[in-house]
Amino acid sequence: MKKLTILGSTGSIGVSTLEVVTAQPDLFRVVALTAGNNLELFKKQIETHKPELVSVLSEKNARELKRLLSGKKPEILHGVEGMIAAATATDTTMVVAAIVGAAGLVPTAAAVMAGKDVALANKETLVTAGHLIMDMVRERGVKLYPVDSEHCAVFQSMVGHRDQDISRIILTASGGPFLNWSRERLACAIVTDALNHPNWSMGRKITVDSATMMNKGLEVIEARWLFDIPVERIAVNIHPQSIIHSMVEYVDGSVIAQLGVPDMKGPIAYALTFPARVPSGVKPLDLTTLAGLTFFNPDTERFPALKLAYRAVQDGESMPAVMNAANEVAVEAFLGGRIGFMAIAEAIERVMDLHVPHGLHSIEEVLEADRWGRRKAREIIGVEA
Ligand code: NAD
Ligand code: MG
């Protein structure tokens with residue numbers, strides 16, 4: 001039986017993870033859960049899954065949660081310490097990292113340091129601190145399973161193969177809601193347009209990232225660290241149907257792909273049960289019902305964020321962490337109606353132009369680079385912290 005901590009259980013990935021857990025009660029027990037501000041949903045999850053320990057964003061939330069819960073209550077913690085306690089709980093054997101943004105870094109790193117296997121949805125952890133995390137994973141001998149659907153597909157396409165035989169990773173991208181929009185039209189795109197993703201239902205931040213294609217950029221960086229492959233050998237293909245979740249090309253010309261109906265329960269279940277496969281609740285794929293599968297190259301003129309991400313890895317060191325921080329601030333400003341859609345990538349680029357990359361030797365130094373990126377982005381956009 002796997003004993004789980006789910007960091008960010010009230011989010012899109014967290015909820016899907018609990019669906020997978022509920023469908024396989026003999027395989028999983030929930031030890032700890034964390035959430036931000038959605039206390040109503042969190043209360044229901046706690047009552048259903050009966051964790052020993054829970055944590056919320058603030059002390060105020062912790063008091064409120066205590067009031068909401070009746071009967072036998074779990075230990076209720078809050079803040080970064082609470083997330084770390086959940087990530088390192090003694091009984092936990094696997095941590096599902098499903099917090100959004102750089103806020104997921106510290107608890108995910110704590111889980112690895114404590115020797116817990118990790119099912120990683122929080123791609124920002126690897127974007128900001130990939131080299132440190134991968135070193136820790138090796139040192140501690142823990143397993144890191146990708147939950148991101150593309151990386152799960154790549155992982156599945158690599159099982160049984162030798163690393164030295166890989167020639168390229170090809171990440172697929174749906175292209176998001178603005179696939180066929182002109183630059184002029186994109187400049188006027190509003191929040192509801194950006195949140196209207198054609199294939200996936202996800203949290204707001206990643207949905208906007210999908211619209212700018214920064215999500216694919218973050219995924220290129222994530223793949224670079226997960227699979228230890230230079231970004232020059234990571235390609236992106238637009239594939240609007242989101243049926244092929246990604247591919248690996250081998251030196252003999254063979255391409256291995258993983259296909260399925262787009263539903264995160266598939267990659268979540270695989271990460272939780274590898275190498276076993278269990279019914280995940282994903283509908284079977286019937287290729288005969290599809291009108292066709294198409295592929296083409298991304299347009300980095302209309303979606304400059306993808307180019308910025310490649311540049312960030314090439315610049316290296318602190319640049320990806322700074323880019324990620326600027327992106328989080330810019331996406332927040334866009335969601336708050338403060339800046340236009342095209343201004344997201346413009347703000348990120350300006351922050352990157354101001355940054356002189358430097359080595360990052362600890363998680364604390366990554367957090368410092370993250371704070372620098374946020375500060376500069378706020379100055380450029382003209383918003384308060
Ligand atoms: P979401 O916004 O739906 O949920 C985020 C969760 O994190 C919530 O439980 C929220 O309460 C918590 N949270 C947010 N900020 C926090 C903070 N500062 N401190 C503590 N907790 C905080 O996000 P999501 O769509 O589930 O995405 C989660 C992660 O998974 C992201 O890194 C995303 O890129 C990645 N991911 C998501 C999907 C998807 O389908 N949603 C697919 C692939 C990867
Ligand atoms: Mg993805």
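Select Glu 317 first: in this predicted model the residue is partly exposed, with a relative accessible area of 48%. Glu 317 sits in the loop between helix H13 and helix H14 (319–335), and its backbone deserves attention, since the residue has a positive phi of about 50 degrees although it is not a glycine.

Next, select Met 213, which also has a positive phi, here about 75 degrees, without being a glycine. Look for Met 213 in the loop between helix H10 (204–212) and helix H11 (214–226). Is Met 213 buried or exposed? Met 213 counts as buried, because its relative accessibility is 3% and the cut-off for buried is under 20%.

Now go to the loop between helix H12 (265–273) and helix H13 (304–315), where you will find Pro 275. If you display the backbone there, you can see that the peptide bond leading from Phe 274 to Pro 275 is cis, with an omega near 5 degrees.

From the loops, turn to the sheets, and begin with the one whose strands, 7 in number, run in the order S4-S3-S2-S1-S5-S6-S7. This sheet is open and its pairing is parallel. At its edges are strand S4 (75–78) and strand S7 (144–146), each of which pairs on one side only, and from one strand to the next the twist averages 25 degrees.

Within this sheet, select strand S3 (residues 53–56) together with S4, which pair in the parallel sense over 4 bridges. Which residue of S4 is the bridge partner of Val 56? Select His 78 to see that partner. Then follow the chain as it leaves S3, passes through helix H3 (residues 59–68) and arrives at S4, a β-α-β crossover that is right-handed. Add helix H4 (residues 79–87), which lies across strand S1 (2–7), strand S2 (28–34), S3, S4 and strand S5 (94–97), and which runs at about 150 degrees to S3.

The next stop is an open sheet of 4 strands in the order S9-S8-S10-S11, where the pairing is mixed. The edge strands, each pairing on one side only, are strand S9 (234–238) and strand S11 (255–259), while the twist averages 20 degrees from one strand to the next. Select strand S10 (residues 244–250) with S11, and you have a pair that runs in the antiparallel sense over 5 bridges; in S11, Gln 258 is the bridge partner of Ser 246. Across strand S8 (166–173), S10 and S11 lies helix H7 (residues 149–158), which runs at about 40 degrees to S10.

Now select the magnesium ion (ligand 2) and ask which residues are its protein donors. The donors are Asp 148 (OD), Glu 150 (OE) and Glu 219 (OE), which lie 2.1 to 2.2 Å from the ion. Along the chain these donors follow the spacing D-x1-E-x68-E, and if you show the surface you may check that Asp 148 and Glu 150 are buried.

Finish with two cysteines. Cys 152 is buried, with a relative accessible area of 2%, whereas Cys 188, at 60% relative accessibility, counts as exposed. A disulfide is a covalent bond between the sulfur atoms of two cysteines. How many disulfides does a search of the whole structure find? The search finds 0.

Conventions: Residues numbered from 1 in each chain as written. Chains lettered and ligands numbered in written order. Predicted model: local features only at pLDDT ≥ 70, side-chain atom pairs only at ≥ 80, totals over all residues. Heavy atoms only, no water. Donors = N, O, S within 2.8 Å, 3.2 Å for Na, K, Ca; no water. Buried < 20%, exposed > 50% of the residue type's maximum accessible area, 1.4 Å probe, protein only. Pairing = 2+ DSSP bridges. Helix = DSSP H or I, 4+ residues; strand = E, 2+ residues; numbered from the N terminus. Axes fitted to C-alpha atoms, helices over the stretch in contact; angles between N-to-C directions. Contact = heavy atoms within 4.5 Å. Right-handed = clockwise from strand over helix to strand, strands pointing away. Disulfide = S-S within 2.5 Å.
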